[in-house]
Amino acid sequence: MPVSPRGSLDRRRFLAASAGAALTAAALPGCASSVDSGSGAKGAKETLTIMDVAWTKEDKQKAERALGMNLDIITFDVTKLNAMLAGNNPPDVVRGVGATDVPYFAARDLMADLDPYFAKSDVLKPSDLAAANDVWRYDSEAKKQGTGPRYGMAKDYSQDCMFWYRTDLFEAAKLELPSDTEPLSCDEWLDLGKRLVKRRLGKVKVYGLSAGALNGPLTTFLWMTASAGGSLFAEDLATVDFSSPEALKALTWYLDYAKSDIGPSVVNPNPDGWDWPTYQANRMAMANDGYWFGGSIGGDAKVSEVSRFAPAPQLGSNRVSPCFGGTGYWVPKGAKNKDAAWKYFEYYFGGKLAQDRATTGWGIPSLKSLVPKMPQDTAFHKQSYEVQQRELPYFSVLPVSPYAQMDALNVVLTKVLPDAVKSGTAAGKIADALNSRINDQLARGKELVG
């Protein structure tokens, strides 16, 4: 298949790469205009250009045979994508993160509206699309994500604020296991992390809790602020307010987490780079990762035997469980082979490849009709499946500003928070600093978008 069933391992790598593309997109001299679909010389095989993470030779050949076309696979590269978009010669298909990429690119008129293709498709029917695919929708007039045209599709998704935990570490600490049905409060979650951490000679040997989102700390603040009943972004998405009661509560929680040094944070990042190596090595009691993380756990019989899944903790009474990924593909507005791109969409998202992905546990299927194929063959898979199904009603699309890429805003957080934590700066002053720096960046982005 074009992307390994363990392709979610590429999620972290791609998130890091894709961020830069959006950061540089604002510098484009203009928006790419639509170009009619083309099929090349008569009798010649059509070539589809895909910018993606690594493919194997075998996967490429298999896809070419199935599609009846040549594939030109370009490894995702920020500079190259920027140059291709600016030169009106973009790839035909680009891998992207729906939840965070769409507002930025769609607001700049760089994405093709795929609604006409969905309307005619017998394979990818709008009625069969999981609600998470709404992260690929954007209303440019209202500047609102979750409604408007569809600009892409997710290969799978997770509710990324749920968490996994190791029962062996809970039992060793003589702690009650989290509920499968009722979410912990964020304070209870933090307290468990403090009780589960293990230190030796002043250094952490076993993390009690990893509460750092894979795609940066800003998503943690978005989620917790929403749970507390507020919104980090203003209604017009042009400013943030970390000083609001709800956002300040989220910021205070994170400062407590970082100061406690019980898990990876912007102050002390995980040397392993992400949670799985640490969790697998029995050096992490709780990992704040969505259903997709079960793909790694399910591949290790010893770890899966002592692992369970739990609902997303809540900072307040407004229960939300968002998705900050929805990784999939989009088609640039200036792509020359849109019909061929759609043929690839149907092949990748609706055929045997999608069916096979659904059985791996590396994410919730993007099509509702494939949900029954999610693994339920073991006690581990059955428990995680049941917890995930009960969580679905709390799925939400949280607002993301079109005026700056998420990674750029995360850069501000990673510059401000470490020194502030180490110096003991009051939460209110940190909020003021974040408001000033982030809002300056959003204002510059708004000028470019218009």
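In this predicted model, the buried residues of helix α15 are covered by elements that include strands β8, β12 and β14 (364–365), along with helices α11 (294–298) and α12 (301–305). Helix α15 itself takes in residues 379–391, 13 residues in all. From its first C-alpha to its last it reaches 18 Å, close to the 18 Å expected at 1.5 Å a residue. The buried set in α15 is made up of F380, H381, Q383, S384, Y385, V387, Q388 and E391. An α-helix has 3.6 residues a turn, so residues three or four places apart point the same way. Within the buried set, F380 and Q383 or S384 and Q388 can be picked out as examples.

Aromatic contacts come next. Searching the whole structure turns up 32 aromatic pairs. One of them joins Y104 and F105 edge-to-face, with 6.0 Å centre to centre and 85 degrees between the planes. Both Y104 and F105 are buried. The pair formed by W164 and F309 is stacked, because the ring centres sit 4.1 Å apart and the planes meet at 20 degrees, under the 30 degrees that sets the limit for stacking. This second pair ties together distant parts of the chain: W164 belongs to strand β8 (residues 163–166) and F309 to strand β12 (residues 307–310), 145 residues apart. W164 and F309 are buried too, and their strands, β8 and β12, are both among the elements that cover α15.

Ring pairs also build up a cluster, which links W55, Y117, F118, Y329, W342, Y344, F345, Y347, Y348 and F349. One cluster member, Y117, has K120 lying over its face at 5.8 Å from the ring centre. Y104, from the edge-to-face pair, has a charge over its ring as well: the charged end of R108 sits 3.5 Å from the ring centre.

As for empty space, the count comes to 4 cavities of 30 Å³ or more. The second largest has a volume of about 90 Å³. It is lined by 14 residues, and those closest to its centre are K155, A354, R357, P365 and S366. Strands β6 (152–154) and β14 and helix α14 (352–358) each supply at least two residues of this lining. The biggest share is that of α14, with 3 residues. Strand β14 thus turns up in two places, in the cavity lining and in the cover over α15.

On the backbone side, most residues other than glycine have a negative phi. N88 has a positive phi, near 55 degrees, and lies in the loop between α3 (78–86) and β3 (93–97). K174 also has a positive phi near 55 degrees, this time in the loop between α6 (167–172) and α7 (186–196). As for accessibility, N88 counts as partly exposed because its relative accessibility is 28%, whereas K174, with a relative accessible area of 74%, is exposed.

Back in the interior, L251 is found in helix α9 (residues 245–260). With a relative accessible area of 0%, L251 is buried. Leaving aside residues up to four places away in sequence, L251 touches F221, L417, A427, I430, A431 and L434. For L417, one of these partners, the C-alpha atom is separated from that of L251 by 10.0 Å, with the two positions 166 residues apart along the chain.

Definitions and conventions: Residues numbered from 1 in each chain as written. Predicted model: local features only at pLDDT ≥ 70, side-chain atom pairs only at ≥ 80, totals over all residues. Heavy atoms only, no water. Phe/Tyr/Trp six-rings, centres within 6.5 Å; stacked < 30°, edge-to-face > 60°. Buried < 20%, exposed > 50% of the residue type's maximum accessible area, 1.4 Å probe, protein only. Helix = DSSP H or I, 4+ residues; strand = E, 2+ residues; numbered from the N terminus. Lys NZ or Arg CZ within 6 Å of the ring centre and 35° of its normal. Expected span 1.5 Å × (residues − 1). Contact = heavy atoms within 4.5 Å. 1 Å grid on protein atoms, 1.4 Å probe; cavity = no way out; pocket = protein on both sides within 12 Å on 5 of 7 lines; lining within 4 Å. Points joined across faces, edges and corners; volume = space filled by probe spheres on them.
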